[in-house]
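Q: Could you take a close look at one part of this model for me and walk me through what sits around it? I'm new to this, so plain words would help.

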There are 2 protein chains.
Amino acid sequence: MKTVPPRHSALLVDLYELTMAQCYFRYKQHAHATFDLFVRQMPRNRSFLITAGLEDILQYIRQLHFGSDDIKYLRSLKFFSEAFLEYLADFKFHGDIWAMPEGTVFFPQEPVIRVTAPIMEAQLIEGFLLNTINIQTMIASKAVRCVLAAGGKGLFDFSLRRTHGQDASLKVARSSYLAGFEATSHVQAGYYYGIPLAGTMAHSFVMSFASEIEAFFAYSSTFPQKTVLLVDTYDARKGIRKAVKIGQELAKRGHRLVGIRLDSGNIVALARFARKALDDAGLQYVKIIASGNLDEYKIADILGKGAAVDGFGVGTHMGTSSDAPVLDVIYKLSEVGDNKHSLMPVMKLSTGKVTYPGRKQVFRINDRKGVFVKDILGLEKETPDGQPLLEKVVDRGKVLYVCPALEHIRARVRESLNALPAAIKELRKVQMYAVEISPALRALTVDVSRRLA
Amino acid sequence: MKTVPPRHSALLVDLYELTMAQCYFRYKQHAHATFDLFVRQMPRNRSFLITAGLEDILQYIRQLHFGSDDIKYLRSLKFFSEAFLEYLADFKFHGDIWAMPEGTVFFPQEPVIRVTAPIMEAQLIEGFLLNTINIQTMIASKAVRCVLAAGGKGLFDFSLRRTHGQDASLKVARSSYLAGFEATSHVQAGYYYGIPLAGTMAHSFVMSFASEIEAFFAYSSTFPQKTVLLVDTYDARKGIRKAVKIGQELAKRGHRLVGIRLDSGNIVALARFARKALDDAGLQYVKIIASGNLDEYKIADILGKGAAVDGFGVGTHMGTSSDAPVLDVIYKLSEVGDNKHSLMPVMKLSTGKVTYPGRKQVFRINDRKGVFVKDILGLEKETPDGQPLLEKVVDRGKVLYVCPALEHIRARVRESLNALPAAIKELRKVQMYAVEISPALRALTVDVSRRLA
């Protein structure tokens with residue numbers, strides 16, 4: 001679509017980013033730094049993650065500025081000097097950003113985004129970057145598990161009502177589509193992102209007619225080519241029989257009932273009943289869609305029992321990544337200097353929160369068939385074998401990277417899934433993928449920790 | 001603040017709401033209905049819930065319309081008739097809405113919002129209402145548990161980076177403030193909602209100076225009255241000693257160090273060490289703030305061990321309601337008729353998803369001291385003892401209700417907490433509160449289920 005979501009506000013920021021910037025402005029105006037954005041620990045039940053969110057980040061970088069209302073509000077806080085507020089009024093991002101493209105498989109400790117910039121600028125974008133990568137990567141990484149579980153069956157995002165707010169509802173639709181879902185019910189996500197839309201009907205629709213068959217008739221005559229009938233408002237088996245009748249009526253008029261939806265009860269048994277009833281009536285083409293509190297485990301169970309389900313409406317659990325609703329995503333300083341020519345590697349030594357210093361790159365090693373073997377986390381200047389995963393996307397404030405179409409990202413995810421070792425794709429057994437620390441990075445880490453300790 | 005968040009789009013809707021509306025438009029243009037928005041089941045680890053989200057809903061009702069771009073997009077889907085698109089272009093909400101005010105304690109099965117309207121209108125607002133109530137009520141209900149655990153100590157929302165997107169980041173700041181948090185780090189939440197802002201400094205700030213003490217000095221000279229020093233970037237005990245020095249320096253110049261922040265390690269031991277070091281140096285007024293993956297359980301543990309912590313920065317777990325990241329919030333038809341004078345009670349009979357029919361009200365029974373005893377879920381026309389919790393907030397499309405200031409809602413929450421039985425406030429033991437079904441509602445339920453079965 002031409003229309004893009006509203007611009008991201010520069011005020012989407014933690015107060016401390018601004019107070020620290022005021023200090024830098026006073027003491028270290030020319031200081032430069034490198035920050036790594038990465039996931040510290042794998043969320044539970046996950047063996048791999050899928051990047052998402054870069055498109056929003058690049059749009060943010062392009063548009064980032066403080067409006068006059070923003071400055072007025074900041075002035076009212078009585079935290080900031082006029083000189084600093086003037087600096088903010090002219091604020092733009094001038095740094096470099098390296099990032100993994102959206103749809104890349106990655107693992108903890110690997111920088112997904114690396115920012116090198118004047119420290120004030122690098123610091124100010126922290127909150128937006130973390131927030132954006134957190135929700136979108138978390139959801140893509142959950143949705144792709146549903147894709148694995150569904151083994152080629154269609155998946156539909158029905159999560160709008162249960163996502164955490166409006167922004168999440170859009171980002172979930174996009175992230176799940178990118179991960180391999182077929183469509184979303186979210187009309188605005190269709191509008192903004194061009195994602196195909198899907199939908200059926202609600203129980204209340206059926207209830208608002210004097211009888212189930214009347215409701216089915218009203219819907220199927222309005223949308224003779226696009227009807228999916230929800231059959232379990234009262235008695236699911238009776239509902240299925242009525243749907244069969246509607247399917248036959250449509251067929252007589254040269255139309256095809258698209259499907260029926262089962263939203264409660266024993267999905268496996270009901271699907272078996274429905275498939276037989278539909279087939280016996282010559283309606284082999286009518287699809288059976290299941291919904292109702294589904295997640296990757298339930299999808300795998302339903303299909304594991306051989307249920308004749310052709311597609312799944314997935315809402316709540318995917319849309320909130322309910323078993324792991326947080327990604328331990330952090331943004332850590334890895335180099336700093338008083339100007340851009342004097343950057344020195346640094347690291348954090350806090351208990352349990354030690355980080356790797358220096359300007360890093362991730363190298364992916366594949367075998368001859370293209371299957372992922374291991375990753376190496378090394379220094380940028382190293383050249384081990386393997387494909388470097390971080391690409392330069394912003395150069396001195398200018399966005400270089402052209403975000404590919406969502407279809408292209410979907411294809412990248414599909415390819416990556418094919419290249420992932422089977423053990424890593426297991427739904428129920430968490431497996432550690434090998435991320436090696438290069439000898440040079442290991443040596444640097446020892447050096448820097450000695451220097452700082 | 002004068003400025004309000006951007007208007008809510010009418011496209012924030014599931015496709016099926018629009019396709020069902022197209023059917024209603026064709027077959028039942030004058031049909032009216034009542035829908036109840038309620039929580040079906042208590043989320044785990046919760047014994048009570050706190051309403052939040054009404055302000056956004058009323059703003060949405062006021063502004064709701066389809067713009068010309070929206071209509072253009074909907075036309076492109078080839079689902080809708082021109083007559084129906086014309087109807088949408090003139091769409092406004094004309095119904096009545098009853099709601100519990102924000103900050104009300106409530107329990108599963110109790111309608112939080114009740115909508116009576118032309119069925120097309122009542123249906124179209126479903127997605128927005130559910131999404132809004134879900135995130136805000138879920139967070140208020142999580143945050144209030146932190147408030148109970150903190151027993152009067154200050155709580156600060158630091159969750160921006162881990163909430164599910166931008167909208168959630170704002171709504172979490174507002175919902176947690178409403179529940180009793182003192183401040184947020186989220187600058188835009190301060191801007192929109194007038195919530196007090198709080199913040200300290202990041203590890204990267206400390207690391208970007210040649211030494212910890214230099215970083216402390218730079219910050220405290222920039223903000224001599226507003227400094228909270230983060231002391232655990234390298235060695236926390238050494239960091240605390242340096243903070244003491246800074247505190248003494250500030251004191252010499254007539255300023256007061258506000259606090260120190262502990263973000264890792266053994267908070268109880270470090271707080272003991274810090275309190276003694278500060279007190280020994282005459283810095284009794286310097287506060288100790290703890291942060292780092294806190295939730296209500298950790299806060300209770302820390303305070304239970306007698307730790308000298310004066311306030312808590314709470315992020316991730318509160319901001320995502322991580323132990324229960326979903327509210328089982330639903331919107332169910334309870335009355336329907338072909339016009340507004342013929343509404344008849346209806347209910348859903350799907351396995352495990354049975355609902356109560358009819359136009360309902362919630363009555364709260366208190367004892368003489370004002371302590372909550374039980375609630376009665378009854379029919380609107382009944383008049384049992386007890387205070388009715390649903391108020392009329394929209395009358396034939398016109399918003400009647402004036403949303404109180406956030407401070408007022410905070411006060412309501414505080415009062416409600418005082419009136420809640422102690423057992424319901426237990427953090428670690430889930431307790432069922434008595435919600436009785438009135439005899440009249442029970443009789444109606446039996447009648448309607450017989451009629452529909």
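**A helix across a sheet in chain B**

A: Let's start with helix α17 of chain B, residues 439–452: in this predicted model, the helix lies across strands β14, β15 (372–379) and β19 of chain B. Relative to β15(B), helix α17(B) runs at about 40°.

Now for the strands underneath that description. They belong to an open sheet of 4 strands in chain B, and the order is β16-β14-β15-β19, with mixed pairing. The edges of this sheet are β16 (387–388) and β19 (435–437) of chain B, each of which pairs on one side only. Let's zoom in on one edge: β16(B) pairs with β14(B), residues 360–366, in the antiparallel sense, over 2 bridges. If you'd like a spot to click on, try Phe363(B), whose bridge partner in β16(B) is Pro388(B).

While you're in chain B, have a look at another helix, α2 (residues 54–63). Its buried residues are Leu54(B), Glu55(B), Asp56(B), Ile57(B) and Ile61(B). Among the elements of chain B that cover them are β3 (96–99), α6 (126–150), β17 (391–395) and β18 (398–399).

Finally, zoom out to the neighbouring chain. Here 84 residues of chain B are in contact with 83 residues of chain A. On the chain B side, helix α1 (residues 15–27) gives the largest share, with 9 residues. Sorted by class, that side of chain B has 39 nonpolar, 32 polar and 13 charged residues.

Definitions and conventions
Residues are numbered from 1 along each chain as its sequence is written. Chains are lettered from A and ligands numbered from 1 in the order in which they are written. This is a predicted model: local features need pLDDT of at least 70, side-chain atom pairs count only at pLDDT 80 or more; totals for chains, interfaces and linings use all residues. Two residues are in contact if their C-beta atoms, placed from the backbone, lie within 7 Å. Ala, Val, Leu, Ile, Met, Phe, Trp, Tyr, Cys and Pro count as nonpolar, Asp, Glu, Lys and Arg as charged, and the others, Gly among them, as polar. A residue is buried if 20 or more other C-beta atoms lie within 10 Å of its own, exposed if 12 or fewer, and partly exposed in between; C-beta atoms are placed from the backbone. Two strands pair if DSSP finds at least two bridges between them. Axes are lines fitted to C-alpha atoms, for helices over the stretch in contact, and angles run from 0 to 180 degrees between N-to-C directions.
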